[in-house]
Amino acid sequence: MPSSPPSDPDEPARVVARLRPLEPRSLGQRSAQIVRAATRLFQDAGFRNVSIEQIGAAVGLTGPAVYRHFPGKHDILSQALTTQVELVATLMADAEEHGRSPVEQLALLRDGLGDLTAHRDVSTLWRREQRHLQPAELDVMRSYFAS
C-alpha cells in the first residue's frame with residue numbers, strides 16, 4: 001500500500017538517510033569494526049602494503065586474533081567492497097521507493113551517493129583495490145546491479 005506523500009519536501013531525504021544501514025548487515029560488531037579499519041588502511045597504504053597485524057592493531061587486536069573473524073586479508077577486502085556495493089544497492093532501492101517521481105528519485109540517489117563519496121576511504125577503495133578480487137567475487141558484486 002503506497003504511503004501518502006510527505007508534507008515536508010525534505011522528508012524523502014531524511015527517510016533515505018534513516019534507512020541506510022551503517023553497519024554491514026551480516027557481520028558482528030567486531031567484524032564490522034575490522035572491516036572499517038581495514039578499509040581505511042587499504043585506502044591509505046594499498047591492499048598489498050597492509051598486514052593482518054596492522055589491521056588487528058587498528059582495532060585493538062593481535063594479528064592472529066583477526067583470524068577468528070576472517071580467514072585472511074583477502075576476505076576482509078572482499079567484505080569491505082561487498083559492503084560498499086550493498087550500500088549503493090540500498091541507496092538505489094531507497095531512492096526508488098521514496099522518490100515520488102524519477103527526478104526526485106535521482107535527487108535522492110545523488111544525495112546518498114554524495115554522502116558516500118564524501119568519505120575518501122569509501123569512495124576510492126573500489127577503484128583501487130577491486131583488482132585483488134577473484135572473478136567469482138566480482139561477479140557477485142556485479143549481480144547487485146543486474147536487471
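## Briefing: an eight-helix predicted model

Arg100 is a friendly place to start: its relative accessibility is 44%, so it counts as partly exposed. The model you are looking at is predicted. The protein holds eight helices and zero strands, and 40% of its 147 residues are buried. The notes below cover confidence, overall build, helix H2 and the salt bridges.

**How confident is the prediction?**

- The average pLDDT of the protein is 77, and 72% of the residues score at least 70.
- Confidence is lowest in helix H1 (residues 11-19), where the mean is 40, and highest in helix H3 (residues 52-58), at 97.
- Residues 1-25 have a pLDDT below 50; even so, the model gives this stretch 32 contacts beyond near neighbours in sequence.

**Overall build**

- Read from the N terminus on, the elements run α-α-α-α-α-α-α-α.
- Take the contacts between residues at least 6 apart in sequence: 67% of them join residues at least 24 apart.
- The protein has an accessible surface of about 8,800 Å², and carbon and sulfur atoms account for 54% of this surface.

**Helix H2**

- Helix H2 covers residues 29-45, which is 17 residues. At 1.5 Å a residue these should span 24 Å, and the end C-alpha atoms are indeed 24 Å apart, so expectation and model agree.
- Which residues of H2 are buried? They are Ser31, Ala32, Ile34, Val35, Ala37, Ala38, Thr39, Phe42 and Gln43.
- As background for reading that list, an α-helix has 3.6 residues a turn, so residues three or four places apart point the same way.
- Phe42 belongs to H2. Its relative accessible area is 0%, and Phe42 is therefore buried, the cut-off being under 20%.
- Phe42 also has a partner far along the chain to look at: Glu129 is 87 residues apart from Phe42 in sequence, yet their C-alpha atoms are 8.0 Å apart in space.
- Just after H2 comes Gly46, whose phi is positive, at about 95°.

**Salt bridges**

- How many salt bridges does the model contain? The count comes to two.
- One of the pairs is Arg100 with Glu104, whose side chains meet at 3.0 Å, N to O.
- The other pairing joins the side chains of Arg110 and Asp111, at 3.5 Å, N to O.

**A closer look at Arg100 and Glu104**

- Glu104 sits in helix H6 (residues 102-117).
- Is Glu104 buried or exposed? Its relative accessible area is 17%, and because buried means under 20%, Glu104 is buried.
- Arg100, at 44% relative accessibility, is partly exposed, since this value lies between 20% and 50%.
- Glu104 meets Arg100 at the backbone too: the Glu104 side chain reaches the backbone nitrogen of Arg100 at 2.7 Å. The salt bridge between their side chains has its N to O distance at 3.0 Å.

**A closer look at Arg110 and Asp111**

- Arg110 has a relative accessible area of 54% and is exposed, because the cut-off for that label is over 50%.
- Asp111 is partly exposed, with a relative accessible area of 36%.

Definitions and conventions: Residues are numbered from 1 along each chain as its sequence is written. This is a predicted model: local features need pLDDT of at least 70, side-chain atom pairs count only at pLDDT 80 or more; totals for chains, interfaces and linings use all residues. Side-chain values use heavy atoms; hydrogens and water are left out. Helices (H or I, at least four residues) and strands (E, at least two) are DSSP runs, numbered from the N terminus. The expected span of a helix is 1.5 Å times one less than its number of residues. Buried means under 20% relative accessible area, exposed over 50%, partly exposed in between (1.4 Å probe, protein chains only). A salt bridge is a side-chain nitrogen of Lys or Arg within 4 Å of a carboxyl oxygen of Asp or Glu. A polar contact is a pair of N or O atoms within 3.5 Å; within protein, one must be able to donate a hydrogen and the other to accept it, and residues adjacent in sequence count only if both atoms are side-chain atoms. pLDDT is the predictor's confidence in each residue, from 0 to 100. Contact means heavy atoms within 4.5 Å. Accessible areas come from the Shrake-Rupley method with a 1.4 Å probe; for residues, only the protein chains shown count as cover.
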